[in-house]
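Thank you all for coming, and please have the viewer open, since I would like to walk through one structure with you from the overall fold down to single residues.

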Amino acid sequence: MRNTKTLTGPVCCVCRLKKRGCDRQKPTCGGCQAKGVSHECSYRPEDMPPPPPRRRRTTTRAFSDLDAVAISTPNNERLREGRRARRSPRFAQGDVIEISSISSDQSYHTAVFTQEEGSRLNDGDVQASQVTRLQRAVEERTGRVKDEDLTDSIPLLTQIPMFTNGVIQPSVSRANGEDLPVHLSQEMADRLILSYLAREYANLPILDLSEFQTAYETTRTEQDIAAAPSSFHGLLNTIFSLAGLNRSDVNDEIVTSLFNRGQRMSRDMENSGSLCGRIQSYILQSQYLYATGNSRLAWMFIGFTIRMAQVLGPYFTAGVQDTRGRRNRELARRLWHSAMILERMIALQLGLPPQTSDPLKVPLPTHWDTDYTDFISGGNPAVTADRPSLVEFLTACARLYSHVEDVLAWEDELRMQPNTCAAKKLLSFDFKLFLEVDTLLYDWQASLPSFLQDDTAGGIWDDPVVYRQRNVLRARYLYVRLRLYRPLLTLGLALSTKCNCRPGGRPHATKDESSLSSSPVIFSMVRDASFKSVTVALELINLIHAHESGPLDGSPDDKHRNLISPSWENIDYIYACGTVFLAARQSNFASFNNNNNNNSGTIYEVEVETSLTRAIDLLDRYHSIRPNGKVARIAQLCCNTLKGLSDVIKRPGAADVSTSVPTALDENIRNRLVERTRNGNSAHNRNRGQSVEDTSGYYGWVESLPIDLAGPLE
């Protein structure tokens, strides 16, 4: 019988890598001595080779995630059976497409949108027409979040282009049905690239900048820099169109043609590019649709982009040691969080809850050498350890917008219904969510890096890219704060007006009663939130007004212009500030000081009036930028609505807003406002036939959004 010796201890790193027997002798095993590689023999854990990767069926994984995008219908069910389900399904015109959350069985059907181009603005009754559409628009928006009936919408869905090899392709209307031939000079292409890198890319760094610069340098040698058919040229044309929106020397026809060309190239070359490249293209197209006022289409498109980004799941947490693997992992994380940020920006604009919960379940990205802002702006690198970085801005935005879902849920819970008692609603409500989000936003602000702090100035912090990032982040933070405080301002306004549950219809809180020692403590929270709503709105308007300088014109001073968020973001911010100013004028919880003495913690009426005028002027200025576009028309609708509401509130005898605003609007306006909140409330739905003539104290105009005013523009 042969003697056997039991070997104990780990195998050395060389034998493990070669998959051969090891006698486990130390400090050098016999096998390595015999092969002459004793210097490579090691038993340290850090020297051991990584375990072999498990085999993954990537095709099955990819399409298992993409299946969440398609609803089974009689036309496509047979294509999804058996072995044929492994191939990209071809959808017929009768198929219903939905962007849905994997974890939810009730999803907002983002593929439903209106195809009408919309009404034209008349010079005579434009003010009345915009106010008239307000009430019904707000009703429709807040009532269609979850339980939608698609029975009547299926004919509309068939008008949307279906999948091309599994990819949703949104349609963009053109005046004559054909693209304008565009030839970009090398100088103009360079300007557009520099503008994109300093603005859109600095806010959403979705590219591997080293690879992009190498590919672009190769492209610059071509005769027509944007015409060659390739996936990179599709990406490049979309970048050109997005950057062109900020410039006055690129007209609407060129911008639209560049986008259509880029979209067509990306679709045609879809199978030749990488998965990350396709996701980059879809994020850019979503940015363009969002920037041009096609918010519902952008919402649909970013939803599909997120579903495709879920296929990158293995890359999010991959433990890689080589440089290429690390860059792939960090790029995948950037794409995920960029898509999350964009989805939440659109969700705030539409007033809809995000479809993807827990965005921070994917680890936040880390830095590359090309991520520092001085690499883009051409400035000198900072000698301090706190060197400004694009990734710091991206992670700050990702953490800020992770609270959007709770803010929108808070808005929905505190929304006032017609003919309801504000005091009973206020006293019965649980403020845990409000206090939690308020505390988290305070912690978020305190945790910002020094170059993104609001009070930072001088030296490297005055780099135009850093300066713009700081202002953009501040504006976004203030807007999220405003959306959190505004529901309490609305309740304070309702408490300040007549209520049917009080004898003689007296209000629950007059200016004196709201601060009495006998008043409920919750009134103090309403008073503080109302005060903060106005102060936040004042700061936000002043921030935009101080840094808004119009579109770029190709001058050397362009990099120092518009050191603030773009106009398509600012319109939502400005309109919300305007409605807050108007509501605060009527609330007993937001009293103004008419004296000129400088007391801290005091709001002066003249300051509010000046900021309201600035808000209207800014919206009017945005209307003059690309006046034929949807964004310009939305800006004009917001401007006219603020003017109309201001005239109604300032009208003599309008001291009681519960009667002045509803009665000043005609029956169609009142019906529209009431319909928006009734749609989602079953108790109200049972009484839909009741007259709205007796409706008083409805405050939907305070929470209205620009998208409510746009109506058929989309």
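I will begin with the chain as a whole and then move to particular regions.

Please keep in mind throughout that this is a predicted model. The protein chain has 714 residues, and 54% of them are buried. Its secondary structure comes to 27 helices and zero strands. If we take the contacts in the chain with a separation of 6 or more, 75% of them are between residues 24 or more positions apart.

Let me turn to the N-terminal part, where there is an annotation to consider. An unreviewed UniProt entry places the feature "domain: Zn(2)-C6 fungal-type" at residues 11–43. In the model, the chain over residues 11–43 is 36% helix and 0% strand, and the C-alpha atoms at its two ends are 7 Å apart.

Within that stretch, I would like to dwell on the loop between helix 1 and helix 2, which is where we find Arg24. Although Arg24 is not a glycine, its phi is positive, at about 65°. Arg24 counts as partly exposed, because its relative accessible area is 24%. Pro27 has its place in the loop between helix 1, residues 13–18, and helix 2, residues 30–35, and the peptide bond that leads from Lys26 into Pro27 is cis, with omega near 10°. Lys26 has a further feature, in that it lies over the face of Tyr43, at 5.2 Å from the ring centre.

A little further along is Cys41, in the loop between helix 2 and helix 3, the latter being residues 58–66. Is Cys41 buried or exposed? With a relative accessibility of 11%, it falls under the 20% cut-off and therefore counts as buried. Which residues does Cys41 touch, if we leave aside those up to four places away in sequence? The list contains Cys12, Cys13, Val14, Pro27, Thr28, Cys29 and Cys32, so that Pro27, the residue after the cis bond, appears here again as a contact of Cys41. For Cys41 and Gly30, which are eleven residues apart along the chain, the separation between C-alpha atoms is 10.0 Å.

Moving on to the helical body of the chain, I would pick out Gly244, which lies in helix 8, residues 231–244. Gly244 counts as buried, because its relative accessibility is 0%. Not counting residues up to four places away in sequence, Gly244 touches Leu192, Val250, Val255 and Arg626. Its C-alpha atom is also 8.6 Å from that of Ser195, a residue 49 positions away along the chain.

Asp386 gives another example of residues separated in sequence, and its place is in the loop between helix 14, residues 373–377, and helix 15, residues 390–401. Asp386 counts as partly exposed, at 25% relative accessibility. From Asp386 to Phe451 we cross 65 residues in sequence, while their C-alpha atoms are 7.7 Å apart in space.

Now to the aromatic residues, of which the structure holds 15 pairs. In one of these, the rings of Phe429 and Phe431 have centres 5.7 Å apart and planes at 85°, and the pair is therefore edge-to-face. Phe431 is buried, with a relative accessible area of 7%. Both residues belong to one aromatic cluster, formed by Trp410, Phe429, Phe431, Phe434 and Tyr485. Elsewhere, Arg334 lies over the face of Trp368, at 4.0 Å from the ring centre.

Finally, a word on empty space inside the model. How many cavities of 30 Å³ or more are there? The count comes to seven, and the largest cavity holds about 110 Å³ of space. Its lining consists of Glu411, Leu414, Arg415, Met416, Arg486, Pro487, Thr490, Tyr699, Gly700 and Glu703. Helix 19, residues 464–495, supplies the largest share of that lining, with three residues.

One last residue to look up is Asn562, in the loop between helix 20, residues 521–547, and helix 21, residues 567–586. Asn562 has a positive phi, near 50°, in a residue other than glycine, and Asn562 is buried, at 12% relative accessible area.

Note on methods: Residues are numbered from 1 along each chain as its sequence is written. This is a predicted model: local features need pLDDT of at least 70, side-chain atom pairs count only at pLDDT 80 or more; totals for chains, interfaces and linings use all residues. Side-chain values use heavy atoms; hydrogens and water are left out. Rings of Phe, Tyr and Trp (its six-membered ring) pair if their centres lie within 6.5 Å; planes under 30 degrees apart count as stacked, over 60 as edge-to-face and the rest as tilted. Buried means under 20% relative accessible area, exposed over 50%, partly exposed in between (1.4 Å probe, protein chains only). A charge sits over a ring if NZ of Lys or CZ of Arg is within 6 Å of the ring centre and within 35 degrees of the ring normal. Helices (H or I, at least four residues) and strands (E, at least two) are DSSP runs, numbered from the N terminus. Contact means heavy atoms within 4.5 Å. UniProt positions are given in the numbering used here, feature names are shortened, and annotations may be inferred rather than shown by experiment. On a 1 Å grid over the protein atoms alone, a cavity is a set of points where a 1.4 Å probe fits but cannot get out, and a pocket is an open set with protein on both sides within 12 Å along at least five of seven lines; lining residues have an atom within 4 Å of a point. Grid points are joined across faces, edges and corners, and a volume is the space filled by probe spheres set on the points.
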